[in-house]
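The following exercises concern a single protein chain. Each task is followed by a solution in steps.

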Amino acid sequence: MLRLHPQVDDAAVCGHYIPEQATDIPIAFITTRVPKDQHPTLFEDVIQFVRKRVASYKRIYEVRVVEEIPRNAGGKIVRRQLPGRSFPNSAGIQNGVAKL
């Protein structure tokens, strides 16, 4: 859906956990066709563009511009390599070792 916006070249969406709400909210990472300083309302335009076309639970709440969307050799998005992504240690993994 994001890639249909005329100013968006590539996009990825992933969840960001909000402890106060005990849920993930969708955040969009995009690459743009024009520099963001040439399109001052880009973030709001993208959010409104998606909001008109998706269900309420799929709405994005934040847009971040990145240089490129990280992909593996098969072309799939590698979300863990997106800037600002952190994975909480909730799975019981410490120093690369799973605690059972």
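**Exercise 1.** Which residues does Phe49 touch, not counting residues up to four places away in sequence?

*Solution.* The model is a predicted one. Step one: residues up to four places from Phe49 in sequence are set aside. Step two: the contacts of Phe49 that remain are Met1, Leu4 and His5. Step three: the ring of Phe49 is also considered as a partner for charge, and Arg53 lies over its face, 3.8 Å from the ring centre.

**Exercise 2.** Identify the largest nonpolar core and the elements that contribute to it.

*Solution.* Step one: the largest nonpolar core consists of twelve residues, among them Leu2, Val8, Ala28, Leu42, Phe49 and Val63. Step two: two or more residues of this core come from each of β1 (8–18), β2 (23–32) and α1 (42–51). Step three: the greatest contribution is that of α1, with five residues. Step four: another core lies apart from this one; it has seven residues, including Ala12, Ile27, Phe29 and Leu82.

**Exercise 3.** State how many helices and strands the chain has and in what order the elements run.

*Solution.* Step one: the chain contains one helix and five strands. Step two: read from the N terminus, the order is β-β-α-β-β-β.

**Exercise 4.** Enumerate the salt bridges, and give for each the distance and the exposure of the partners where available.

*Solution.* Side chains of opposite charge can pair when their charged atoms come close. With a cut-off of 4 Å between a side-chain nitrogen of Lys or Arg and a carboxyl oxygen of Asp or Glu, the count is three salt bridges.

- Step one: Asp9 pairs with Arg33, and their closest N and O atoms are 3.9 Å apart. This pair links distant parts of the chain, since Asp9 is in strand β1 and Arg33 in the loop between β2 and α1, 24 residues apart. Asp9 is partly exposed, at 43% relative accessible area.
- Step two: Arg71 and Asp10 meet through their side chains at 2.9 Å, N to O. Arg71 belongs to the loop between β3 (62–65) and β4 (93–94) and Asp10 to strand β1, so this salt bridge ties together parts that are 61 residues apart in sequence. Arg71 is partly exposed, with a relative accessible area of 35%, whereas Asp10 counts as buried at 14%.
- Step three: Glu62 and Arg64 form a salt bridge with an N to O distance of 2.8 Å. Glu62 is partly exposed at 30% relative accessible area, and Arg64 is partly exposed at 24%.

**Exercise 5.** Which phi does Ala22 have, and is this residue buried or exposed?

*Solution.* Step one: Ala22 has a positive phi of about 55°, although it is not a glycine. Step two: Ala22 is located in the loop between β1 and β2. Step three: the relative accessible area of Ala22 is 55%; because the threshold for exposed is over 50%, the residue counts as exposed.

**Exercise 6.** Summarise burial, surface and contacts for the whole chain.

*Solution.* Step one: the chain has 100 residues, of which 28% count as buried. Step two: its accessible surface comes to about 7,100 Å², and carbon and sulfur atoms account for 49% of that area. Step three: among contacts between residues at least 6 apart in sequence, 51% join residues at least 24 apart. Step four: the count of aromatic pairs is zero.

Technical notes. Residues are numbered from 1 along each chain as its sequence is written. This is a predicted model: local features need pLDDT of at least 70, side-chain atom pairs count only at pLDDT 80 or more; totals for chains, interfaces and linings use all residues. Side-chain values use heavy atoms; hydrogens and water are left out. A nonpolar core is a set of buried Ala, Val, Leu, Ile, Met, Phe, Trp, Tyr and Cys residues joined through side-chain atoms within 4.5 Å. Buried means under 20% relative accessible area, exposed over 50%, partly exposed in between (1.4 Å probe, protein chains only). Helices (H or I, at least four residues) and strands (E, at least two) are DSSP runs, numbered from the N terminus. Contact means heavy atoms within 4.5 Å. Accessible areas come from the Shrake-Rupley method with a 1.4 Å probe; for residues, only the protein chains shown count as cover. Rings of Phe, Tyr and Trp (its six-membered ring) pair if their centres lie within 6.5 Å; planes under 30 degrees apart count as stacked, over 60 as edge-to-face and the rest as tilted. A charge sits over a ring if NZ of Lys or CZ of Arg is within 6 Å of the ring centre and within 35 degrees of the ring normal.
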